[in-house]
Amino acid sequence: MTLATNALRAGPLAASQPGFTIVDPLIAATVGVLLFGERLQTGAGDLAIEIAALAVLGLGAWGLSRSALVGGGDPGVPEPL
């Protein structure tokens, strides 16, 4: 909660949302394993799917963080080179 509060104070929601998108599932998985004794699937296929999902999550957050909406630009107008 403290990290979320500080992130929201640091800038607009659009700038802090990609961080929340990445951190929330990681924290949830960690809490599930450490507090509730959940087990992660560690087979080769399962790990490949988990890595691919994390990569897609990271790329999506990266794309959102560089969106024209975060910078306050008009999404219909390309940025100058």
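Leaving aside neighbours within four places in sequence, with which residues is Ala7 in contact? The legends below take up this contact and other parts of the predicted model.

**Figure 1. Surroundings of Ala7 in helix α1 of the predicted model.** Helix α1 covers residues 2-10, and Ala7 is part of this helix. Apart from its neighbours within four places in sequence, Ala7 is in contact with Ser16 and Phe20. Along the chain, Ala7 and Phe20 are 13 residues apart, and their C-alpha atoms are separated by 9.0 Å. Ala7 is partly exposed, because its relative accessible area is 26%, which lies between the limits of 20% and 50%.

**Figure 2. Overall course of the protein chain and confidence of the prediction.** The protein chain has four helices and zero strands, and its pattern along the sequence reads α-α-α-α. The average pLDDT of the chain is 79, and 84% of the residues score at least 70. Helix α3 has the highest confidence, with a mean of 87, whereas helix α4 (residues 68-71) has the lowest, with a mean of 66. Where pLDDT is low, the predicted coordinates should not be read in detail.

**Figure 3. The two spans that UniProt places as "transmembrane region".** The UniProt record, an unreviewed entry, gives this feature at residues 20-37 and at residues 44-64. In the model, residues 20-37 are 94% helix and 0% strand, and the C-alpha atoms at the ends of this span are 24 Å apart. Residues 44-64 are 100% helix and 0% strand, with 30 Å between the end C-alpha atoms.

**Figure 4. Pro18 of helix α2 and its contacts.** Pro18 belongs to helix α2. The residue is buried because its relative accessible area is 5%, and the limit for a buried residue is under 20%. Not counting residues up to four places away in sequence, Pro18 touches Ala61, Leu64 and Ser65. Pro18 and Gly60 are 42 residues apart in sequence, yet their C-alpha atoms are 8.0 Å apart in space.

**Figure 5. Ala61 of helix α3 and its contacts.** The contact between Pro18 and Ala61 is shown here from the side of helix α3, in which Ala61 is placed. With a relative accessible area of 4%, Ala61 is therefore buried. Not counting residues up to four places away in sequence, Ala61 touches Pro18 and Ile22. A separation of 8.1 Å is found between the C-alpha atoms of Ala61 and Gln17, which are 44 residues apart along the chain.

**Figure 6. Leu40 and the nonpolar patch on the surface.** Leu40 is found in the loop between α2 (13-36) and α3 (44-65). Leu40 is exposed because its relative accessible area is 56%, and the limit for an exposed residue is over 50%. Together with Val23, Ile27, Val31, Val33, Leu34, Leu35 and Phe36, Leu40 forms a nonpolar surface patch with about 800 Å² of accessible area. For the protein chain as a whole, the accessible surface comes to about 6,400 Å², and 70% of this belongs to carbon and sulfur atoms. Of its 81 residues, 6% count as buried.

Technical notes. Residues are numbered from 1 along each chain as its sequence is written. This is a predicted model: local features need pLDDT of at least 70, side-chain atom pairs count only at pLDDT 80 or more; totals for chains, interfaces and linings use all residues. Side-chain values use heavy atoms; hydrogens and water are left out. UniProt positions are given in the numbering used here, feature names are shortened, and annotations may be inferred rather than shown by experiment. Helices (H or I, at least four residues) and strands (E, at least two) are DSSP runs, numbered from the N terminus. Buried means under 20% relative accessible area, exposed over 50%, partly exposed in between (1.4 Å probe, protein chains only). Accessible areas come from the Shrake-Rupley method with a 1.4 Å probe; for residues, only the protein chains shown count as cover. Patches are made of residues with over 30% relative accessible area and no salt bridge: like charges are joined within 9 Å, nonpolar side chains (Val, Leu, Ile, Met, Phe, Trp, Tyr) within 5 Å. A salt bridge is a side-chain nitrogen of Lys or Arg within 4 Å of a carboxyl oxygen of Asp or Glu. Contact means heavy atoms within 4.5 Å. pLDDT is the predictor's confidence in each residue, from 0 to 100.
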